[in-house]
Amino acid sequence: MPELSETYACVPSTERGRGILISGDPKSNAILYTNGRSVIIRYLHKPLEVSIYGEHAYQATVARFSPNGEWIASADVSGTVRIWGTHNDHVLKKEFRVLSGRIDDLQWSADGMRIVVSGDGKGKSFVRAFMWDSGSNVGEFDGHSKRVLSCAFKPTRPFRIVTCGEDFLVNFYEGPPFKFKQSHRHHSNFVNCIRYSPDGSKFISVSSDKKGVIYDGKTGEKIGELSSEDGHKGSIYAVSWSPDSKQVLTVSADKSAKVWEISEDGNGKVKKTLTCPGSGGVEDMLVGCLWQNDHLVTISLGGTVSIFSASDLDKGPLSFSGHMKNVNSLAVLKSNPKVILSTSYDGLIIKWIQGIGYSGRLDRKENSQIKCFAAVEEEIVSSGFDNKIWRVSLQGDQCGDADCVDIGSQPKDLSLSLLSPELALVSTDSGVVILRGTNVVSTINLGFPVAASVISPDGSEAIIGGQDGKLHIYSVIGDTLKEEAVLEKHRGAITVIRYSPDVSMFASGDANREAVVWDRASREVRVKNMLYHTARINCLAWSPDNSMVATGSLDTCVIIYEIDKPASSRVTIKGAHLGGVYGLAFTDDTSVVSSGEDACVRVWKLTPQ
């Protein structure tokens, strides 16, 4: 069985104009965040250790560890809360439908018996508190008229719950059973986050009006606020207390994080302003933060996670990033197979190194979207949704000059001849375009709808797959194509064609879940009955020694076939990526890299049968 050797995790899903609430477990130094339907557990001191929970039916919004660290409660946009085990296979304990709309925040009580959630709902129910084991209500929460963005549980007895939201209110409830006590209107805009100090003596609310207000934890009266001197110049999205309850960390749309000293009388003054590395664009706005033990964690709109040291605030942060959207293609550089390049359609190219993990983003001068992607030693070639093919030179970790060529219609597939990479074959809806460098040397209308294409490494042969499932083989003569043969076997549109590294075979996959390996010389089927996926095949890869073919599909599986054995002796990796597998590559004869809809990249080790 192939075993998972490394996971390069995605970053938290972010949304312009609102904060995200990440949380952690101080004992194990883990942090929790959500992306799509997944909940991700990571360890601050072990970047390669990642655990992912993918059982939500809808997009997950927030997750929290229970006070003892054994359970995790996570919530999604349908108003469902799932409570599951932190360890051994994340066994589900309970599932409750709590609100009628999306849940924005969730907190456990200090004894681990009660959970309070807040969010959006129909009618008046924006907040609910319930027993974690039975789901029965513990109180009535009136007093809000709009979506409630955040809630907090007083960590010491007597228990209190505070909530805040889009109606500019901060509400204070006493209990259990909880009932409305009082309401404050000190803010003049959305109140984004509210948090109790760990000792329960105070709580703080921060808002889009750039203010932070501090209240007494027991009575709920306002006692002070964060000083406006050297304060934030943009909306404050999130706040987190230090473990000793004497300082808070805030993050804001002005792209900075600030550490505040909170005095006994409840007023705060800036101790240090932390600036995160970045270009200063919109994606550097900070939207989430967490103060855990000695780590200050901040998250930017673009998904970059920066970790500062609380004991040495002058030291620069440790930053890492990843993909936020579907990772639709992978490339492994021939000269250094340990280096993996992955791209997602929002235009992000990330470099990973096996054994190390994140190794930086490749920033192009033109950050266009990416649909098709190919890489050779010194250059990357990509195409987006705007008829242009980009060629960007690659110098180490940096992208150099970029040239583009407009081919007149939207590229569907892109293939480079590996021995002379200036020669490229691009397929469009009705035909193909041959490029040399950034010059279009010929545009050929083939008279049938093209679905996929590939050009041989020496540039002498091209195989074009049609929507009708036929494979057309052409020889490339000068700048024109001459049809040599038509192969009929597939029953669905061709989605991918790849030559084997020694060019003695080629493999093709179709939308009707079948893959075929062909012999190139005789054009006969070499491996048949490769019909083990349950949905469209998206990607296909050969092992460097030509002995194996791997296919990845919309059905979330990766299947590895050996050329010299019947297709039935395949090896299947089930559930490789939630939502489907979109990128595949071999780094050596026993390692397969896959990527998919869940924005993660995974490395699998194959054990010889």
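A pocket is an open set of points on a 1 Å grid over the protein atoms alone, with protein on both sides within 12 Å along at least five of seven lines; a cavity is a set of points where a 1.4 Å probe fits but cannot get out, and lining residues have an atom within 4 Å of a point. Grid points are joined across faces, edges and corners, and a volume is the space filled by probe spheres set on the points.

This is a predicted model: local features need pLDDT of at least 70, side-chain atom pairs count only at pLDDT 80 or more, and totals for chains, interfaces and linings use all residues. Residues are numbered from 1 along each chain as its sequence is written, and side-chain values use heavy atoms, with hydrogens and water left out.

**Exercise 1. Describe the second largest pocket: its volume, its centre and its lining.**

Step 1. Take the volume. The second largest pocket holds about 970 Å³ of space.

Step 2. Go to the centre. Of 35 lining residues, Gly24, Pro26, Gln107, Tyr196 and Pro198 are the closest to it.

Step 3. Assign the lining to strands. Strands are DSSP runs of E with at least two residues, numbered from the N terminus. S2 (23-25), S6 (60-65), S10 (103-108), S13, S17 (191-196), S21 and S25 (286-292) each give at least two lining residues.

Step 4. Sort by class. Ala, Val, Leu, Ile, Met, Phe, Trp, Tyr, Cys and Pro count as nonpolar; Asp, Glu, Lys and Arg count as charged; the others, Gly among them, count as polar. The lining then has 21 nonpolar, 10 polar and 4 charged residues.

**Exercise 2. Count the cavities of 30 Å³ or more and characterise the largest cavity.**

Step 1. Count. There is 1 cavity of 30 Å³ or more.

Step 2. Size it. The largest cavity has a volume of about 40 Å³.

Step 3. List the lining. Ile31, Arg42, Tyr43, Leu44, Pro47, Ile307 and Phe320 line the largest cavity.

Step 4. Classify. The lining has 6 nonpolar residues, no polar ones and 1 charged residue.

**Exercise 3. Find the backbone outliers and place them.**

Step 1. Recall the background. Most residues other than glycine have a negative phi, and most peptide bonds are trans.

Step 2. Check omega. The peptide bond between Arg157 and Pro158 is cis, with omega about -5°. Pro158 sits in the loop from S13 (148-153) to S14 (160-165).

Step 3. Check phi. His90 is not a glycine, yet its phi is positive, about 50°. His90 lies in the loop between S8 (80-85) and S9 (92-97). Buried means under 20% relative accessible area, exposed over 50%, partly exposed in between (1.4 Å probe, protein chains only). With 13%, His90 is buried.

Step 4. Repeat for Asn546. Phi of Asn546 is near 65°, again positive in a residue other than glycine. The loop between S49 (537-542) and S50 (548-553) holds Asn546. Its relative accessibility is 15%, so Asn546 counts as buried.

**Exercise 4. Analyse the hairpins S8-S9 and S31-S32.**

Step 1. Establish pairing. Two strands pair if DSSP finds at least two bridges between them. S8 and S9 run antiparallel and are joined by 5 bridges. Ile83 stands opposite Lys94 in S9.

Step 2. Inspect the connection. The hairpin has 6 residues between S8 and S9, and Asp89 has a positive phi near 65°.

Step 3. Move to S31 (349-353) and S32 (357-361). They pair antiparallel over 3 bridges. Trp352 has Tyr358 as its bridge partner in S32. This hairpin has 3 residues between its strands, and Gly355 in the turn has a positive phi of about 90°.

**Exercise 5. Lay out the sheet S21-S22-S23-S24 and explain its edges.**

Step 1. Read the order. The 4 strands form an open sheet as S21-S22-S23-S24, with antiparallel pairing.

Step 2. Find the edges. S21 (236-241) and S24 (268-275) each have a single partner strand, so one side of each lacks a neighbour in the sheet.

Step 3. Add the twist. Neighbouring strands are turned by 25° against each other on average, direction ignored. Axes are lines fitted to C-alpha atoms, for helices over the stretch in contact, and angles run from 0 to 180 degrees between N-to-C directions.

Step 4. Check one pair. S23 (256-262) and S24 run antiparallel with 7 bridges. Lys258 is paired with Thr273 in S24.
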